[in-house]
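Reader: I am new to this structure and would like a close look at one part of it. Could you take me slowly through the cysteines and the histidine beside them?

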Amino acid sequence: MKYLVLLVVLVVAIGIWRGRRATGAESSSPPPLALPQDMLACAHCGVHVPQAEALMVGPQAYCCAEHRRLGPA
């Protein structure tokens, strides 16, 4: 009788463990892909940066504050 109770407890524990493992795999799905952005060339060094990260001065884009300060090359 004690082996039957032990078997039932073991089956229930395995069922709970497998159920939690299956739900954990679904929650770790990859994040959605970001939309593509336009790339702008720095007016000083020519490095391409996303438009959202570029520092704009009029029509010219810069990759960092130092290059913005130095101006176009």
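**A close look at His 67 and the cysteines**

Author: Leaving out the neighbours within four places in sequence, His 67 is in contact with Cys 42, His 44, Cys 45 and Tyr 62. The model is a predicted one, and in it His 67 is found in helix 2, which covers residues 65-70. With a relative accessibility of 17%, His 67 counts as buried, because buried means under 20%.

Two of the cysteines can be followed in the same way, beginning with Cys 45, which is one of the residues in contact with His 67. At 38% relative accessibility Cys 45 counts as partly exposed, and the cysteine sulfur closest to its own belongs to Cys 42, at 3.7 Å, which is too far for a bond because a disulfide needs the two sulfur atoms within 2.5 Å. For Cys 63, the closest cysteine sulfur is again in Cys 42, at 3.7 Å, and this too is too far for a bond; Cys 63, at 25% relative accessibility, counts as partly exposed. By the 2.5 Å rule, the count of disulfides comes to zero.

Elsewhere in the chain, Glu 53 has its place in the loop between strand 2 (48-50) and strand 3 (55-57), and at 57% relative accessibility this residue counts as exposed. The C-alpha atoms of Glu 53 and Met 39, which are 14 residues apart along the chain, are separated by 9.5 Å.

Methods: Residues numbered from 1 in each chain as written. Predicted model: local features only at pLDDT ≥ 70, side-chain atom pairs only at ≥ 80, totals over all residues. Heavy atoms only, no water. Helix = DSSP H or I, 4+ residues; strand = E, 2+ residues; numbered from the N terminus. Buried < 20%, exposed > 50% of the residue type's maximum accessible area, 1.4 Å probe, protein only. Contact = heavy atoms within 4.5 Å.
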